[in-house]
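Here is a short tour of one structure, taken a piece at a time. Have a look at it first, and then read on.

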Amino acid sequence: MSEQITPTGRVHWVGTGLSTGSGLGIVCDLASRTVLWGRTRRKAEDCLARLGQGGRAETRAFGLDALAAELAAGDVVVSMLPAAHHAALLRLCLERGAHFAASSYVSPEISSLAAGAARAGIVVLTEAGLDPGIDHLLAHRLVAQARAATGDGGASATFTSYCGSNPAEPNEFRYRFSWAPRGVLTALLTPARYVDQGTERVVDRPWEAVREHALGDEKVEVYPNRDSVPFVEQYGLPASWRLDTFVRGTIRLDGWSEAWAPVFAELREGDDDRIGALAQELALRYPTTATDRDRVLLSVALAVQADNGSTWSGEYVLDVEGDEKESATPRLVSVALACGIGDILAGLTPAGLHRAAEEPQAVRRWLGFLEDHGVVCEFRG
């Protein structure tokens, strides 16, 4: 294994879209030099102005060749581009000995490319945003708390992790499109795997598994998303725990499934062309405007009933509304990612592939960082 490549302190933030929030300003504080790469230099400058960070980062027009010409070993490349573009940036990082960070889920291609990162002394940080990201931190914290209270013996356990960005003021549609509408619809057409009543289940249409869920005194709707099962191992649940429920999913406002019934009908029958047209129609009908405020809800909960009679349960809740300065979603994504970038710059993250933070000390550090920047997760025992 090669020695870890020493960070230079220089960060290349690639992308100026909706997920680039005030965390970029934190990165400017932490890095010795920050370069913001936009589709054009003007877009990068406009992004800095929008965030109140004008002049704090250098700006460039993005292109792989242009980035390659400036990228040095030990630099950090932050990909805020759509997930399909991550692999090309990671390949460049591996070629140049640069570290890589992104908030997106690990794809098979990223996993394959990152296999040699540890040997090369390169950090590959992924799933370091809101969901995935902050939810991972809270899951690790809950599992550690439950194990400390009940031990690692036989037990039955229920784990749920739900997150969603919704309108702060509910509209008739119970949603506004704050990211690509086609992506929202495509996600609803992606099968979900999870554990329910002790059995692994797969639902081809996640909206058909919608359930009511209590979030304090508020009633919301939740449904499974993607493949939850690999996270049983990732979160370190003891093999002796029998899982009654294990699901990661999405939160929607009460009444969402009823309001979206016509959309579901089209998704069942529509071909690619019709779904594409539907996405455009919905985006025009229910856009996020300058006066709208988003509301992020995140609930991560674990309950354990040990065979020896001891019990433990806890839930972390994050409830954040956007304001006139910034929407909640990009703020939470980018501040969490800034924490991970700071760890890379400080040499605290070992080489290889990482999903947010997993070790107790790192989880504490990340949650403390979030609190220091106004992101407070409430514990409910």
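## Helix α11 and its two faces

Keep in mind that this is a predicted model. A good place to begin is helix α11, which spans residues 261-269 and has Val 263, Phe 264 and Leu 267 buried. Looking down the axis of α11, you will find its buried residues within an arc of 100 degrees, so they line one face of the helix. Pro 262 and Glu 269 are exposed, and they sit on the face of α11 turned away from that buried side.

What covers the buried residues of α11? The cover includes three helices: α8 (181-188), α10 (256-259) and α12 (272-285).

## The parallel sheet

Now turn to the open sheet, where 7 strands follow the order β3-β2-β1-β4-β5-β6-β15 with parallel pairing. At its edges are β3 (58-61) and β15 (352-355), each of which pairs on one side only. From one strand to the next, the twist averages 20 degrees.

For a closer view of one pairing, take strand β6 (residues 123-126), which runs parallel to β15 and is joined to it by 4 bridges. Here Val 123 stands opposite Gly 352 in β15.

## Helices on the sheet

Helix α2 (residues 41-50) packs on the sheet, touching β2 (33-38) and β3. The directions of α2 and β3 make an angle of about 145 degrees.

Helix α4 (residues 86-96) packs on the sheet too, and its contacts are with β1 (10-14), β4 (76-79), β5 (99-102) and β6. Set against the direction of β5, that of α4 makes about 160 degrees.

How values were computed:
Residues numbered from 1 in each chain as written. Predicted model: local features only at pLDDT ≥ 70, side-chain atom pairs only at ≥ 80, totals over all residues. Heavy atoms only, no water. Buried < 20%, exposed > 50% of the residue type's maximum accessible area, 1.4 Å probe, protein only. Helix = DSSP H or I, 4+ residues; strand = E, 2+ residues; numbered from the N terminus. Arc of directions from axis to C-beta. Contact = heavy atoms within 4.5 Å. Pairing = 2+ DSSP bridges. Axes fitted to C-alpha atoms, helices over the stretch in contact; angles between N-to-C directions.
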